[in-house]
Amino acid sequence: APGRLTRGGTRQPCPRGRKGEPSPLALQVKNKAPAEVQITAEQLLREAKERELELLPPPPQQKITDVEELNDYKLRKRKTFEDNIRKNRTVISNWIKYAQWEESLKEIQRARSIYERALDVDYRNVTLWLKYAEMEMKNRQVNHARNIWDRAITTLPRVNQFWYKYTYMEEMLGNVAGSRQVFERWMEWQPEEQAWHSYINFELRYKEVDRARTIYERYILSLLVIVHPDVKNWIKYARFEEKHSYFAHARKVYERAVEFFGEEHMDEHLYVAFAKFEENQKEFERVRVIYKYALDRIPKQEAQNLFKNYTIFEKKFGDRRGIEDIIVSKRRFQYEEEVKANPHNYDAWFDYLRLVESDADAETVREVYERAIANVPPIQEKRHWKRYIYLWINYALYEELEAKASKRTRQVYQACIELIPHKKFTFAKIWLLYAQFEIRQKSLPLARRALGTSIGKCPKNKLFKGYIELELQLREFDRCRKLYEKFLEFAPENCTSWIKFAELETILGDIDRARAIYELAIGQPRLDMPEVLWKSYIDFEIEQEEYEKTRSLYRRLLQRTQHVKVWISFAQFELSAGKEESLSRCRQIYEEANKAMRNCEEKEERVMLLESWRNFEEEFGTDTTKERIDKLMPEKIKKRRKLQAEDGSDAGWEEYYDYIFPEDTANQPNLKLLAMAKLWKKQQQESEAAEVDPDKDIDESQS
């Protein structure tokens, strides 16, 4: 028997709670450890969502065989619908489903009753009225449908769909007078624009043009001021008159529209439509007057479409001058607005001047140029003057090339030069253009004076180069020498100037002067491109076939730098000398370079030297020299080094490649260690192969 043993050996029943439930003592959980598979809330929600998609089996098909079963089925369905309605009367879909079910059983009277009950609940529901009326129309109950539509438009007169459906039903029944009556009732409510157009289209379908005109008049005069003050409505009315060939009426409508909106509310669309109407009537002068009237009164930024249509009209019916005047005036206005908003917008000035130069006379162009150059940059910094200075340049070129006024051109250049603050910055382009202009005017002294003044006031490399080029073209070599001397006094670190000076002396056949210039150049304490200068000097000596001097130059260069490219170039020079001992000299240079670069930190440069040496030996060397250079080639190994961030913290490790040269005594232990590691790896591979195939080893030993 269930229970528990007492100390005396008797069995007592287990304590139980109220109504036969087990007591809490009996429901204690012994194992309180968490379950192995935990179920989360997310998993429960996901499973519930997945099970929603499971299709329930369809209900069994029920075959009704007699009237009693049919009545029983109807009773059950009606009870279900009524229960759903009783639960929530405001859910209109339940009412509609109920009524449609009764309609499917041809119980029209019951369906009407259900719709009426639903309207008592929510008479503002548009769908309910539509379904009710559609049911009556579907069952050919026309009077009932009219009654419903009348009730709907009386209850909800601002629902346009009721009016559209009602008028459409009457028109489909052929009741044109009834449909017109409904439209008239609708127009009393002052509906939206589309309702008026529907009424007008209805009258036009029955060829009632006079009635349609009357509706337009009512629409324009009675309602437009209050409800629809829009230009497009006037345009539609005028196009209606034009379509039916009442051109005088259409013109009158446009004139009334212009008078109605006045000058305060002018719209370009109205004038464009008016002009196109007159254009269709071949009244070209009236069209031109309309466009000019509108363009004079409408702000230009709001008349873009008007400009466009006027331009098209002039292209079709006007002369060339008229078309150009329209385009130029439009663009000129745009540029005037831009420069008025920002006078220092030099790009806008450039476009404006380009337009004016192509169309206007010289005085107008000069006036615009004077206005443009009057906008001096407020800050004396060169970056703010770079665009501005081109205004002066274009002004001078216009005076010289277009206006053919050399005197005014000279004045423009002189005024520009006086305006520029030469103590802070200058523009070499202005000085050079002025000098070239004076040369074109055959005023060589003025050109030299201008360039001399520029070099004296604000010397620049570009000015020196331009002045020297000018004298070279004039074949004034003594002046070129003096200019080069001044140039090198101004910029002794400019290697290009030294090279050009030496090349000039070489062309003139004065080799000693050229060599002396090179010697002076390489003796300068500071140079911007010394490698170019040394290369030019060496090429100069090679061209003169002074090989001993070339070797001396290489030796002097190597005293200053031990760059690998210098050694390689030296070796290639010895190889190209073309003498018997060239190979031995070249090999000797490589030997010296290898010894000199043993202590070089850049090991890649040493590798580059050895590769060049190996290429040389492969082409010209013997087997012994090839074997020797192969022994000198380094071993490429991969290493790791620790990286540090900018704040001093560890940033990880980086792998890099290093080179170990066999001839470096400091690297011998590393090479020995590397060789021992390779030997150990080879032994390990052999032992692994022996363990994999022991039978093969036994067979080999027996054999």
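These legends accompany several close-up views of a predicted model.

**Figure 1. The whole chain, before zooming in.**
Let us start with the overall picture of this predicted model. The protein has 703 residues, and 36% of them count as buried. Its secondary structure comes to 35 helices and four strands. If you look at contacts between residues at least 6 apart in sequence, 45% of them join residues at least 24 apart. The accessible surface comes to about 44700 Å², and carbon and sulfur atoms account for 50% of that area.

**Figure 2. The largest pocket and the helices that line it.**
Here we visit the largest pocket, with a volume of about 420 Å³. It is lined by 17 residues, and those closest to its centre are Glu531, Trp534, Lys535, Leu557 and Val566. Three elements each give two or more residues to this lining: helix H28 (530–543), helix H29 (547–560) and helix H30 (564–576). Of these, H28 gives the most, with seven residues. In character, the lining divides into eight nonpolar, four polar and five charged residues.

**Figure 3. Trp149 and Phe162, a tilted aromatic pair between H6 and H7.**
The structure holds 25 aromatic pairs. In the one shown here, the ring centres of Trp149 and Phe162 are 6.2 Å apart and the planes meet at 55°, so the pair is tilted. Trp149 belongs to helix H6 (residues 142–155) and Phe162 to helix H7 (residues 160–172), so the pair ties together parts that are 13 residues apart in sequence. Are these two residues buried or exposed? Trp149 has a relative accessibility of 0% and counts as buried; Phe162 is buried too, with a relative accessible area of 0%.

**Figure 4. Tyr413 and Phe437, a tilted aromatic pair between H21 and H22.**
A second view of ring packing brings us to Tyr413 and Phe437, a tilted pair with 5.8 Å centre to centre and 40° between the planes. Tyr413 sits in helix H21 (residues 406–419) and Phe437 in helix H22 (residues 428–440), so this pair ties together parts that are 24 residues apart in sequence. Tyr413 is buried, with a relative accessible area of 1%, and Phe437 is buried at 0%.

**Figure 5. An aromatic cluster, with two residues of H7.**
One aromatic cluster is formed by Trp163, Tyr164, Phe183, Trp186, Tyr199, Phe202 and Tyr206. Two further residues of interest in this view are Tyr166 and Thr167. Thr167 is found in helix H7 and, at 4% relative accessibility, counts as buried. Which residues does Thr167 contact, leaving aside its neighbours within four places in sequence? They are Ser179, Val182 and Phe183, and Phe183 is also a member of the cluster.
Tyr166 also has its place in helix H7 and is buried at 5% relative accessibility. Not counting residues up to four places away in sequence, Tyr166 touches Arg146, Trp149, Asp150, Ile153, Val182 and Arg185. One of these, Arg146, is 20 residues from Tyr166 in sequence, while the C-alpha to C-alpha separation is 7.7 Å.

**Figure 6. Glu278, a buried residue of H13.**
This view is centred on Glu278, which lies in helix H13 (residues 268–280). Its relative accessibility is 0%, so Glu278 counts as buried. Beyond its neighbours within four places in sequence, Glu278 is in contact with Arg251, Glu283, Arg286, Val287 and Ile290. From C-alpha to C-alpha, Glu278 and Phe247 are 9.6 Å apart in space, and they are 31 residues apart in sequence.

**Figure 7. Two loop residues with positive phi, Lys442 and Arg475.**
We finish with a look at the backbone. Most residues other than glycine have a negative phi. Lys442, however, has a positive phi near 60°. Where is Lys442 placed? Its position is in the loop between H22 and helix H23 (444–457), and with a relative accessible area of 77%, Lys442 is exposed. Arg475 has a positive phi of about 60° as well, although it is not a glycine. Arg475 lies in the loop between helix H24 (461–473) and helix H25 (477–490). At 57% relative accessibility, Arg475 counts as exposed, because the cut-off for that class is over 50%.

Notes
Residues numbered from 1 in each chain as written. Predicted model: local features only at pLDDT ≥ 70, side-chain atom pairs only at ≥ 80, totals over all residues. Heavy atoms only, no water. 1 Å grid on protein atoms, 1.4 Å probe; cavity = no way out; pocket = protein on both sides within 12 Å on 5 of 7 lines; lining within 4 Å. Points joined across faces, edges and corners; volume = space filled by probe spheres on them. Nonpolar A, V, L, I, M, F, W, Y, C, P; charged D, E, K, R; others polar. Buried < 20%, exposed > 50% of the residue type's maximum accessible area, 1.4 Å probe, protein only. Contact = heavy atoms within 4.5 Å. Areas by Shrake-Rupley, 256 points an atom, 1.4 Å probe, with all protein chains shown as cover. Phe/Tyr/Trp six-rings, centres within 6.5 Å; stacked < 30°, edge-to-face > 60°.
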